[in-house]
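Visitor: I am new to reading protein models, and I would like to learn how to look at one feature after another. Could you take me through this one slowly?

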Amino acid sequence: YPAALYRLAGMAHNSWSVDNYGPAKEEAFKTAEQALAAARAAAQRNARDFEANLFAGRILHNLGDWGNRQVHRELGQDKEVVAARLRQSEAHYNEAQRYLEAALATRPRDADAIGQASHNMVKLGVGMLRASMSMQERGLESDQFNHDLAGGQAVLKADFGDVPGAMDVLDLFARLPQGKGELWHRQLELLNGLDRIDLLFEYSIEMLQDDSGQLGDWELGHLWRVPTRIAHLGLYEEARELHQQVTGIRLGQPLWRQLLLDDIYLRATGRGKEVAERLAAEAAGKSNEQILKALPFFAEDDANALWEVGEHERAIQIMEVLARVDHFPSGWQDNPSHYAMTLAQWYLAIGRDSDALTVFNVIVTYLEEEVQGGVRHPKSLLRLAKAHAMQGNREAALEHLATAVEFDAFDMSMCCKDYWSEAVKAYEKEKGQPDWWESLEGAPEFELIRTRMRSVVDGQRDAIRAMIAQHDMAELLAPWIEPEPEAGIAGRPN
């Protein structure tokens with residue numbers, strides 16, 4: 001009974017959209033609460049009931065996630081309401097951990113329970129990351145080919161700067177007759193986030209050579225953004241040719257195709273104003289509430305477009321909800337510092353210096369905790385350096401940039417300015433945002449860091465050129481190329 005209700009709650013949650021967001025959201029919470037009551041009652045009758053404890057933990061974890069997402073998608077919430085909701089989510093995560101530990105006390109080697117408990121630990125704060133990784137390692141000892149455990153282990157290894165170790169965990173699945181399957185998606189997503197563009201291209205080629213028949217839309221959809229990532233390295237001709245080739249991949253995801261294949265590619269090649277004008281025109285017919293009820297990725301896209309066409313106040317209103325600077329969550333991987341960084345830069349650009357300083361202080365406090373906890377992810381290190389630089393704290397900025405260099409952790413869209421085309425330089429300048437990079441120029445330490453960065457970028461560029469020369473990309477892509485359909489693009493999904 002709890003399991004059935006849990007699945008129903010998940011179905012209701014997944015049905016959220018711009019049109020039925022309110023009713024579907026309420027139905028999801030209602031059904032999940034019913035499932036939780038049933039699971040709690042069963043666990044109370046028998047404290048060693050494995051299924052009851054496992055499902056109670058899962059439901060509480062999901063309720064925590066749903067509460068956090070709701071905070072970042074609704075306008076008009078005052079600080080007290082937001083704080084109360086986030087406290088409730090934190091309480092859900094803590095209670096979930098108690099039930100999951102009770103489940104593990106009954107079956108200490110159950111891979112599903114280990115996976116759920118380790119995933120929930122991540123929500124309890126940066127200090128729990130090491131414990132979560134240790135628990136996943138224990139689970140993999142008993143179930144070496146568990147997809148969820150391997151995926152979680154790879155992410156945490158990468159977060160701590162062990163990219164080769166992360167790849168080894170996932171590469172192990174290539175030995176299976178069915179291949180990596182859905183883990184291709186996780187692997188390519190991970191490499192994209194780490195800005196290891198050379199490895200992203202290498203593994204994309206390996207995926208195209210996978211003859212297991214297990215590739216789906218989510219895996220193949222990564223090929224749409226590979227040309228953009230190559231363009232970020234300044235390999236514009238190679239990116240243009242590959243973009244023309246992957247255009248023929250037509251999956252059942254027209255909106256993701258628009259975003260990953262076309263929009264981000266146009267931005268990376270200096271034609272972002274075209275994208276901004278189109279999205280801003282579409283946003284004119286929507287309220288801010290409607291924009292925020294879409295996936296945060298799309299809401300951010302709309303906000304950026306509005307900023308670029310000069311609708312600064314509206315862009316800031318949307319970004320303020322996405323960032324929720326007053327109430328950053330404690331759990332790693334719920335990190336809203338990306339939105340907060342954009343918000344702070346916008347405040348600076350329109351003269352709201354004190355508001356910008358407040359946001360930068362929050363970002364620094366939050367990310368310093370991550371770095372002190374051992375996180376060596378490029379996004380954390382580069383954002384922390386950027387926040388310090390924007391505050392005028394050059395020494396701290398250079399220190400974190402040096403750490404990024406030590407771990408080859410770069411954000412290529414930030415660190416490749418020496419390779420940008422004139423069109424890209426003009427587009428970035430037109431955005432009217434402060435340039436933190438220029439504030440570091442002239443420092444001897446920065447020039448050493450910059451030399452190292454150029455060496456890394458040159459290495460990635462050379463590796464990609466060598467792979468393009470070695471492989472016939474048209475031949476590799478041929479099985480996935482389809483004729484262009486007549487149907488147009490539908491409305492955005494939630």
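**Reading a helical chain**

Guide: Let us begin with a single residue, H377, which sits in the loop that joins α20 (353-372) to α21 (378-390). Please keep in mind throughout that this is a predicted model.

Visitor: Is H377 buried or exposed?

Guide: The usual way to decide is to look at relative accessibility, where a value under 20% counts as buried. H377 has a relative accessibility of 11%, and therefore it counts as buried. It is also instructive to compare sequence with space: H377 and F410 are 33 residues apart in sequence, while their C-alpha atoms are 8.7 Å apart.

Visitor: What does the chain contain as a whole, in helices and strands?

Guide: The chain has 26 helices and zero strands. Of its 494 residues, 55% are buried. If we take the contacts between residues at least 6 apart in sequence, 69% of them join residues at least 24 apart.

Visitor: How should I describe two helices that pack together?

Guide: Two packed helices are described by the angle between their axes and by the distance between those axes. Take helix α9 (residues 183-194) and helix α10 (residues 197-208), whose axes come within 9 Å and cross at roughly 165 degrees. Angles over 145 degrees count as roughly antiparallel, and α9 and α10 are therefore roughly antiparallel to each other. Their crossing is left-handed.

Visitor: Which residues meet where α9 and α10 touch?

Guide: From α9 come W184, Q187, L188, L191 and N192, and they meet L199, L200, Y203, S204, E206 and M207 of α10. Sorted by class, the residues of this contact are seven nonpolar, three polar and one charged.

Visitor: What is found in the loop between α9 and α10?

Guide: That loop holds D195, whose phi is near 60 degrees, a positive value in a residue other than glycine. D195 has a relative accessible area of 3%, so it is buried.

Visitor: Which helices are roughly parallel instead?

Guide: Consider helix α3 (residues 50-71) and helix α5 (residues 111-122), whose axes come within 11 Å and cross at roughly 30 degrees. That angle makes α3 roughly parallel to α5, and the crossing of α3 and α5 is left-handed. On the α3 side the contact is made by F50, L54, R58 and H61, and on the α5 side by D112, A113, Q116, H119 and N120. The classes here are three nonpolar, four polar and two charged residues.

Visitor: What can a single residue of α3, such as A52, show me?

Guide: A52 lies in helix α3, and with a relative accessibility of 5% it counts as buried. If we leave aside its neighbours within four places in sequence, A52 is in contact with A39, A42 and A43. A52 and A38, which are 14 residues apart in sequence, have their C-alpha atoms 8.3 Å apart in space.

Visitor: At what angle do α14 and α17 pack?

Guide: Helix α14 (residues 254-268) and helix α17 (residues 296-308) pack at about 35 degrees, and their axes are 13 Å apart. The crossing of α14 and α17 is left-handed. W256, L259, D263 and R267 of α14 make the contact with F297, F298 and D301 of α17, and these residues divide into four nonpolar, no polar and three charged.

Visitor: Where is M341, and which residues does it contact?

Guide: M341 is found in helix α19 (residues 337-349), where its relative accessibility of 3% means that it counts as buried. Apart from its neighbours within four places in sequence, M341 is in contact with F360, I363, R383, K386 and A387. The C-alpha atoms of M341 and A323, which are 18 residues apart along the chain, are separated by 8.6 Å.

Visitor: Which residues touch the most other members of the largest nonpolar core?

Guide: A nonpolar core gathers buried residues that are joined through their side chains. The largest one here has 124 residues, and F201, L401 and W436 touch the most other members. Not counting residues up to four places away in sequence, F201 touches V226, I230, L242, I464, M467, I468 and M473. Another core lies apart from the largest one, with 16 residues that include A28, L36, A43 and A96.

Technical notes:
Residues numbered from 1 in each chain as written. Predicted model: local features only at pLDDT ≥ 70, side-chain atom pairs only at ≥ 80, totals over all residues. Heavy atoms only, no water. Axes fitted to C-alpha atoms, helices over the stretch in contact; angles between N-to-C directions. Helix = DSSP H or I, 4+ residues; strand = E, 2+ residues; numbered from the N terminus. Parallel < 35°, antiparallel > 145°, perpendicular 65-115°, else oblique. Left-handed = near helix turned anticlockwise from the far one by under 90°. Contact = heavy atoms within 4.5 Å. Nonpolar A, V, L, I, M, F, W, Y, C, P; charged D, E, K, R; others polar. Core = buried A, V, L, I, M, F, W, Y, C linked by side-chain atoms within 4.5 Å. Buried < 20%, exposed > 50% of the residue type's maximum accessible area, 1.4 Å probe, protein only.
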